[in-house]
Structures are given as C-alpha cells and as structure tokens.
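Thank you all for coming. I would like to take a few minutes to walk through one model with you, so please have the sequence and the structure open while I talk.

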Amino acid sequence: MDLYEKYNLKHVINADGKMTILGVSKVPDEVVAAQKLGDQNFFEMSDLLIQTGKYLADLVGSEDALVVNSASAGIAQTIAGIIGQGSEYHLYHPYTSRITKREVILPMGHDVDYGAPVDVMLQLAGAKMVPAGYANMCKPEHLEMQITDQTAAILYIKSHHTVQKSMLSIPQAIEVAHSHDLPLVLDAAAEEDLTKYLKIGADVVIYSGAKALEGPASGVIFGKSNYIKWARLQGHGMGRAMKIGKENIIGLTAAITKYLQDGPETGDSMIERLEPFVAELKKIPDFEVKVIQDAAGRQIYRAEVKPVGKLSAEQICDQLRNGKTAIYAREYRVNQGFIEFDIRAVDQSEMDQIVARLKEIVGGN
C-alpha cells in the first residue's frame, strides 16, 4: 500500500507553481538527507539559530540572517521586532498601549491575500497598517505623505500577487524610507535572487524557504544585524507559536547552499521543455496556446491556454482538479478566460497526462 492509498489521498500533478496549498516544492535528496541529520541529532537551539544565521549571512553578503518557519512568520517577527526594538517589556506585552509607534506603511496595491492577507500578518505583529496610494497606483510621494512620528517601517511586497502597473520601484521605496530614517522591509517570498535586494539597500529581505529555494517548510530573513537580532528575540514571545524545528533549520541551510551553487532552472530551459508540450496542446480543438513570461518579470515561462469552445477556462480547471488524478493548473486569470500551466515541478510523463486529460475533457484525438 503506497502513501496515497494508505491515507486515501489523490495523486496530484502540480502545474500551478510553487504553491502552499499543494506543499510548495519537491525537496532534493541532498536537502532530505540534511533534514535527517537534523532530526537524528541534538543541538542547543538558540546557538543553532545564531550559527546557521551567520553561515547563511556570509553566503549572501548580509549582516545577519534568521531561519524561521515561513515567510509569513518572517513578516510578523520582523515587524514585531521593529516595534519592540529589543524591549523585554514589549516581548511579554506585544500589544501594550505603552508603545504607540506601530504604523507600517504599505502600498495599497500590495495589501493582497497570498493565502492569508498581508494586513493579518501586520496585525499579528501588533502593527497598524497604513495604506499608501491607490489600488492601481502608488508613487514615492504617496508613501511619503503617510509618514508620521508614529511610523515604524515601510513594507514592500515583491510578488506576482500585487498590482504591477503604476507602482513605485523597490529602489524608490528604499529612498523614501531612508530619507526618513525608517527601515524598508521587503517581502520577496518567491523571488530567486538572494543578493540583489540587499545590495540596493533593503534593510530586511524575507524569503520563503520552500519556494524558489526548494527547501522544507521554512523561511529566512536577511538584513541588518539589529533587525535580525530583534526578530530573533521574538522567539521568546509571540514567535514561540511559529517556532521551526531543528530538521528544517538544517534542511533550509543545506537547500540555500545548494541553490547558490546550482541556481534555479533557467528561462531558456523552461522554454525548451515547454515547446513540445505547447505543440501537443495546440492539437486540441478550440485551444489557443502560446508561451508567456511571468507577470512579475521573473525568468519563469508558462504555457497559456485560451479555450474558445463550449467549455470555459473555469469549467476546464474544475474538471482537471476533480479527476482521478488532481491536476492543478494556474487559475489566476480564469476569470479572463485563460489557463496557465507552470512546468517547473512537472516532468514529461506528467505533461503527457495533462494533455491526455484535456483531450478527455474537451475532445480531440
């Protein structure tokens, strides 16, 4: 009896991307081996966090680093740390009225739900979110006009989930923050470059460990030493509910080491793998198919399918998900009539299964 049969689970083909609802990434064997070493040995946990943080910081050129249990935890612990600034009283009373400097400015188009709302993470940290600009526009002056003596930080979300058009750049946000002696906290959860945002001056950069880095369930915070120290302190307060196990600390450290050595799959490689898949999809009646690049500008390429027959994109996706094998396509644009297939975690056999299932759904030989 295999794992799926034992627990009465469906097999899943993940053509959606590195999504939390599907378990995010396939973890390489080297990382699993590192997790096993972590699992089967003991450590002084505070020292493990400090020393792995130093090791990772040296790898990317950061002042310090902290492994946490997710990028969401990274946001909450970082912002809570900035509000408390090392105060032991704050640690035990995170929502105290004694501390009033709690405003965190966020471009309005960045207040998204990525599986949980950004503003919920800020509330968890004890922050008051102050939106800047409008849903479809945020300029540097929109950030600046929201700064008061109660502003603790500026938060910027670098993600395909956010509004992309008419949005100030990360360097512009950094300039506004630093001109007012404020930290710029950057949520770069799914981003692939671990060095460029630190180089351009972001004070804190937060990544998911399980997305581009293909590590276990985890996150990592890079940045200036005082902000990392304050975030680490939260492990003795509200961060206790977000603690990460030794196996995932060791696993993520191994994953980042491997990632920096090997890098992600290149865009050229994705396009090369997509070409025969797209050619097969084009044979299916009433499909318009092409290769597109990720909307946020990352070097990620996907197959875009526009159904023009009787079945809508939403109906097709629903049938894909509810077959004997659950096939998850990328559904962010189904309301516009488009289905996307992300092949980063899909092999040739699975691509063949996707094509065969689509033929069953819409017809075609």
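I will go through two helix pairs, then the salt bridges, and then a few single residues. Please keep in mind throughout that this is a predicted model.

Let me begin with helix 13, residues 313-321, and helix 14, residues 348-362, whose axes lie 10 Å apart and whose packing angle is about 125 degrees. Because of that angle, helix 13 counts as oblique to helix 14, and the crossing of the two is right-handed. If you zoom in on the place where they meet, you will find Ile316, Gln319 and Leu320 on the helix 13 side, facing Arg357, Leu358, Ile361 and Val362 of helix 14. Sorted by class, the residues of this contact are five nonpolar, one polar and one charged.

The second pair is helix 4, residues 71-84, with helix 10, and here the axes come within 8 Å and cross at roughly 105 degrees. The two helices are therefore roughly perpendicular to each other. On the helix 4 side the contact is made by Gln77, Thr78, Gly81 and Ile82, and these meet Tyr227, Trp230 and Ala231 of helix 10. In this contact there are four nonpolar residues and three polar ones, with no charged residue.

Now to the salt bridges, of which the count comes to 17, and I will pick out some of them. The side chains of Asp203 and Lys224 form one, with 2.8 Å from N to O. This pair links distant parts of the chain, since Asp203 sits in the loop between helix 9 (196-199) and strand 7 (204-208), while Lys224 sits in the loop between strand 8 (219-223) and helix 10 (225-233), 21 residues apart. Are the two partners buried or exposed? Asp203 has a relative accessibility of 3%, and because the cut-off for buried is under 20%, Asp203 counts as buried. Lys224, with a relative accessible area of 32%, is partly exposed.

Two further salt bridges lie within the helices of the first pair. In helix 13, Asp318 and Arg321 are three residues apart, about one turn of the helix, and their closest N and O atoms are 3.6 Å apart in the salt bridge. Asp318 is partly exposed at 38% relative accessible area, and Arg321, at 22%, also counts as partly exposed. In helix 14, Arg357 and Glu360 are likewise three residues apart, about one turn of the helix, and their side chains meet in a salt bridge at 3.0 Å, N to O. Glu360 counts as exposed, at 60% relative accessibility, and you will recall that Arg357 is one of the helix 14 residues that meet helix 13.

Besides these pairs there is a network of salt bridges, and it links Asp16, Glu304, Arg330, Arg333 and Glu340.

Let me turn to single residues, starting with Gln234, in the loop between helix 10 and helix 11 (246-262). Gln234 is buried, with a relative accessible area of 2%. What is it in contact with, if we leave aside its neighbours within four places in sequence? The contacts of Gln234 are Gln77, Ala80, Gly81, His90, Leu91, Gly239 and Arg240, and of these, Gln77 and Gly81 are helix 4 residues that also meet helix 10.

Pro307 lies in strand 10, residues 301-307, and at 14% relative accessibility it counts as buried. Not counting residues up to four places away in sequence, Pro307 touches Asp286, Phe287, Ala313, Ile316, Gly337 and Ile339. Among these, Ile316 is a residue of helix 13 that meets helix 14.

Finally, please look at the backbone of two residues that are not glycine. Asn8 has a positive phi of about 55 degrees, and it is found in the loop between helix 1 (3-6) and strand 1 (12-15), where it is exposed, with a relative accessible area of 72%. Ser166 also has a positive phi, near 55 degrees, and its place is in the loop between strand 5 (151-157) and helix 8 (170-179). Ser166 is partly exposed, at 45% relative accessible area.

That is where I will stop, and I am happy to go back to any of these places on the screen.

Note on methods. Residues numbered from 1 in each chain as written. Predicted model: local features only at pLDDT ≥ 70, side-chain atom pairs only at ≥ 80, totals over all residues. Heavy atoms only, no water. Axes fitted to C-alpha atoms, helices over the stretch in contact; angles between N-to-C directions. Parallel < 35°, antiparallel > 145°, perpendicular 65-115°, else oblique. Left-handed = near helix turned anticlockwise from the far one by under 90°. Contact = heavy atoms within 4.5 Å. Nonpolar A, V, L, I, M, F, W, Y, C, P; charged D, E, K, R; others polar. Salt bridge = Lys/Arg side-chain N within 4 Å of Asp/Glu carboxyl O. Buried < 20%, exposed > 50% of the residue type's maximum accessible area, 1.4 Å probe, protein only.
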